Amino acid sequence: MENFHELLKNRRSIRKYTEELLSSDDVKLILQAGLMAPSSKRTNGWEFVVVEDKEVLGQLSQCKEFGSKLIAGAALAIVVLADPLKSDVWIEDASIASILMQLQAEDLGLGSCWVQIRERSGANDKPADEYVRELLDIPLQMQVLSIIAIGKKDEIRKPFDEEKLQWEKIHIGKW
C-alpha cells in the first residue's frame with residue numbers, strides 16, 4: 001500500500017475474477033482484518049463463514065435474483081453475520097468488519113464486492129438470508145448481513161475521480 005488515501009481511491013467493487021485461487025496467507029490476512037474490526041463495547045458479535053468450494057460458491061450465487069451471480073466466479077466468499085443478542089448495533093459492527101476485509105483485499109491487490117443479503121429477497125420470494133442460512137447450516141439466532149466475494153481481479157476499474165467528490169454533502173457546524 002502506498003498510503004491509505006490511495007487505497008481508498010483505488011478500492012472499487014470488482015465483479016469479475018480470474019480462476020486463480022488465493023493463497024492461504026492472503027485469506028488469513030483478510031480474516032485477521034475482520035477479526036480486528038472494532039465493535040460496540042468490544043462485544044465482537046460478528047462471525048464469518050468462509051467458503052472456497054466452487055460448488056458451494058455456485059449455490060451461494062443463487063441466493064438472490066439479482067446482484068449475487070458474481071459469487072460463482074469468486075475464489076472466496078465470506079458470509080458476514082452477527083448475533084443481535086450480543087449487540088444492538090450488530091449491523092454497524094458487521095458492516096465495519098466487512099469493509100475492513102475489503103480494504104485488506106484491495107491492499108493485497110485482490111478484488112472484492114459486497115453482496116447485500118439482509119432485507120433482500122431471493123428466488124420465489126424466499127428471503128436471501130433464509131437461503132444462505134439453510135445452505136450453510138447457520139444457527140437461527142445469527143443474522144446474515146452480507147457476502148463479501150473476493151478473487152484475483154479480471155477487470156480494471158478506474159480509481160475514484162477526486163474532481164467528482166460531492167463536497168456539497170459536507171455541512172460544517174450545522175445543516
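A residue counts as partly exposed when its relative accessible area lies between the limits for buried, under 20%, and exposed, over 50%. In this predicted model, R118 has a relative accessibility of 26% and is therefore partly exposed. The side chain of R118 meets that of E119 in a salt bridge, with 3.6 Å from N to O. E119 has a relative accessible area of 62%, so this residue is classed as exposed. The bridge between R118 and E119 thus joins a partly exposed residue to an exposed one.

The salt bridge of R118 and E119 satisfies the distance criterion because its separation of 3.6 Å falls within the cut-off of 4 Å. By this rule, the model contains seven salt bridges.

A further group of these contacts involves K9. One partner of K9 is E6, and the closest N and O atoms of this salt bridge are 3.6 Å apart. K9 and E6 both lie in helix 1, which covers residues 4-10, and because they are three residues apart there, about one helical turn separates them. E6 is partly exposed, its relative accessible area being 23%.

K9 also forms a salt bridge with E162, in which the closest N and O atoms are 3.3 Å apart. This pair links distant parts of the chain: K9 belongs to helix 1, whereas E162 is found in the segment after strand 4 (143-152), and the two are 153 residues apart. E162 has a relative accessibility of 36% and is accordingly partly exposed. Taken together, E6, K9 and E162 are linked in a network of salt bridges.

Technical notes
Residues are numbered from 1 along each chain as its sequence is written. This is a predicted model: local features need pLDDT of at least 70, side-chain atom pairs count only at pLDDT 80 or more; totals for chains, interfaces and linings use all residues. Side-chain values use heavy atoms; hydrogens and water are left out. Helices (H or I, at least four residues) and strands (E, at least two) are DSSP runs, numbered from the N terminus. Buried means under 20% relative accessible area, exposed over 50%, partly exposed in between (1.4 Å probe, protein chains only).
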